[in-house]
Amino acid sequence: MTLETLQAELEHVLEKGDPEEIGNFLDQQNISDVAELIYTVPEHDASIIMYMSIHRASGVFKILETATQQDIIQKLPPGKTAELLNELPPDDRTALLEDLPSDVVRELIKLLNQEERKITLSLLGYPENSVGRLMTPDYVYVQETDTVQRVLEIIRRVGKNSETIDVIYVINDKGELLDDIRIREFILAAPNKKVSELMDNRVISLNAYADQEAANEAFKMNNRVALPVVSNSNKLLGIVTIDDILWVATEEFSEDMQKIGGTQALNEPYLDIAFFKLIRKRVGWLLALFVSELLTTSAMTYFSDEMQKVAILSIFVPLITSSGGNSGSQASTLIIQAMAVGEVTIADWWRVMRREILSGLVLGVILGSVGFLRIQIWHELIQHGFMHMKDPEIRTAYLTHSTAVGLTIGFSLIGIVLWGTLAGSMLPIFLKRLGADPAASSAPFVATLVDVTGIIIYFSMAYLILTGILL
């Protein structure tokens with residue numbers, strides 16, 4: 001059934017106004033189709049959730065965008081809101097509440113039953129962006145002294161309300177995590193076999209206070225659908241499932257892309273964020289970059305005498321600064337991406353530096369050679385009358401000092417591209433070492449930083465090469 005057909009049938013049953021018929025129609029659809037329907041007809045979003053059975057409504061609600069969830073919560077009557085919040089898995093409920101204002105959170109928590117309220121407050125008590133915020137307490141655990149028969153009985157009794165039963169967790173009398181065993185091991189084992197006989201003690205766990213990025217790395221390296229979460233004393237607290245990690249990875253990717261572009265993370269869909277909030281997210285970086293560019297102006301003012309004496313130097317300022325900024329932006333983007341996927345860590349800084357020094361030199365030589373060649377080509381074109389220069393000083397510089405000017409441009413490009421690659425590659429690692437987000441070393445920021453130093457390198461090289469010739 002196409003989305004257009006589904007929308008037409010929904011409007012038809014809504015016109016009839018029979019709650020039972022509306023609910024039956026929606027409950028028969030795929031959860032993903034209902035979610036798409038909510039995005040297509042936002043005026044009916046709350047009605048769709050309200051008419052569905054609570055279990056199906058919960059399944060739809062938890063895959064919606066945060067902004068849409070918040071909009072629906074505001075429209076639902078308190079009774080339905082309470083029913084929905086109590087039905088949501090603890091990790092999905094926590095993800096919703098942590099993005100709401102504190103006064104709204106307080107009111108919504110009051111709607112939860114005692115058990116769910118206790119779980120929610122516990123999860124919200126962990127630091128923002130920690131693994132503890134992602135975990136769910138709905139899992140199956142057994143004792144090492146249990147038999148396989150006993151384990152299967154426990155799974156039948158509590159497995160229905162668990163997030164997943166693919167893996168069963170083994171604890172001791174103190175609640176400490178001992179091992180995790182795939183359910184297939186229990187299914188294939190003899191009923192009288194002890195859990196301890198199936199254990200290999202090679203459990204992989206996450207600390208509740210660890211950053212969510214650590215969980216992302218652990219899932220990528222260990223091919224698991226769920227991982228246990230423990231306290232600092234190794235007490236089993238809950239589990240984190242792969243669907244939550246995929247959601248986190250998507251959000252982290254979006255935030256990093258926005259930061260690399262030179263803005264604060266929006267944390268909301270672009271079209272949903274308030275206009276003035278969008279301005280606030282962007283203006284800070286723009287002001288910082290603008291003030292930084294004032295340093296470029298100051299540097300050019302400092303070398304104004306040289307520019308007046310040798311007019312040809314000013315022609316190549318955009319070329320010089322853009323080359324350094326581009327090389328820095330390239331290196332910064334590559335290192336941020338490599339750090340995000342775990343290919344580069346802080347400990348790799350020296351390997352990165354050595355690699356970028358070599359890369360910067362090779363790239364600088366290539367660009368410097370092209371710059372030098374450009375000067376020589378213009379020299380030949382002017383000398384043979386194929387190109388005319390109105391400014392006599394620039395014409396003289398091309399005709400009589402093309403080699404010196406070419407060497408100035410060439411060596412300046414080598415120095416500036418080398419500096420750009422070093423600054424772009426080391427800045428993300430330095431920020432990570434300080435505990436900041438490497439993505440904050442955005443491409444515009446690196447480009448601006450290299451612009452200032454590029455001017456200094458350029459005119460310093462000109463002073464060394466052109467003194468006694470043009471200066």
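The exercises below work through a predicted model of one chain, each with a stepwise solution.

Residues are numbered from 1 along each chain as its sequence is written. In this predicted model, local features need pLDDT of at least 70, side-chain atom pairs count only at pLDDT 80 or more, and totals for chains, interfaces and linings use all residues, while side-chain values use heavy atoms, with hydrogens and water left out.

**Exercise 1. Survey the chain.**
State the secondary structure, the buried share, the contact pattern and the surface of the chain.

Solution.
- Step 1. Count the elements: 22 helices and six strands. Helices (H or I, at least four residues) and strands (E, at least two) are DSSP runs, numbered from the N terminus.
- Step 2. Take burial: 44% of the 471 residues count as buried. Buried means under 20% relative accessible area, exposed over 50%, partly exposed in between (1.4 Å probe, protein chains only).
- Step 3. Take contacts (heavy atoms within 4.5 Å). Among those with a separation of 6 or more, 67% join residues 24 or more positions apart.
- Step 4. Take the surface: about 24700 Å² is accessible, and carbon and sulfur atoms hold 57% of it. Areas come from the Shrake-Rupley method with a 1.4 Å probe; for residues, only the protein chains shown count as cover.

**Exercise 2. Trace the strand pairing.**
Work out the order of the open sheet that holds strands 4, 5 and 6, then describe the hairpin of strand 2 and strand 3.

Solution.
- Step 1. The open sheet has three strands in the order 4-5-6, with mixed pairing. Two strands pair if DSSP finds at least two bridges between them.
- Step 2. Find the edges: strand 4 (206–207) and strand 6 (236–241) each pair on one side only.
- Step 3. Strand 4 runs parallel to strand 5 (residues 226–230), over two bridges. Asn207 has Val230 of strand 5 as its bridge partner.
- Step 4. Turn to the hairpin. Strand 2 (residues 167–171) and strand 3 (residues 177–182) are antiparallel and joined by five bridges. Tyr169 has Asp180 of strand 3 as its bridge partner.
- Step 5. Five residues lie between these strands, and Gly175 takes a positive phi near 85°.

**Exercise 3. Place Asp179.**
Is Asp179 buried or exposed, and which residues does Asp179 contact?

Solution.
- Step 1. Asp179 sits in strand 3.
- Step 2. Asp179 counts as buried because its relative accessibility is 0%.
- Step 3. Beyond four places in sequence, the contacts of Asp179 include Ile168, Tyr169 and Val170. Met199, Asp200, Asn201, Arg202 and Val203 are also among them.
- Step 4. Asn201 is 22 residues away in sequence, yet 5.4 Å from Asp179, C-alpha to C-alpha.

**Exercise 4. Follow helix 7.**
Which residues of helix 7 are buried, and which helices do they pack against?

Solution.
- Step 1. The buried residues are Lys80, Thr81, Ala82, Leu84 and Leu85.
- Step 2. They pack against helix 4 (45–51), helix 5, helix 6 (66–75), helix 8 (90–97) and helix 9 (102–110).
- Step 3. Helix 7 (78–87) also supplies at least two lining residues to the second largest pocket, as do helix 5 (54–61) and helix 10 (114–124). Helix 5 gives the most, with four residues.
- Step 4. By class, that lining has six nonpolar, six polar and eight charged residues.

**Exercise 5. Locate Met461.**
What does Met461 touch?

Solution.
- Step 1. Met461 belongs to helix 22 (residues 443–466).
- Step 2. Leaving out residues up to four places away, Met461 touches Thr408, Phe411 and Ser412.
- Step 3. Thr408 is 53 residues from Met461 in sequence and 6.1 Å in space, C-alpha to C-alpha.

Conventions: Ala, Val, Leu, Ile, Met, Phe, Trp, Tyr, Cys and Pro count as nonpolar, Asp, Glu, Lys and Arg as charged, and the others, Gly among them, as polar.
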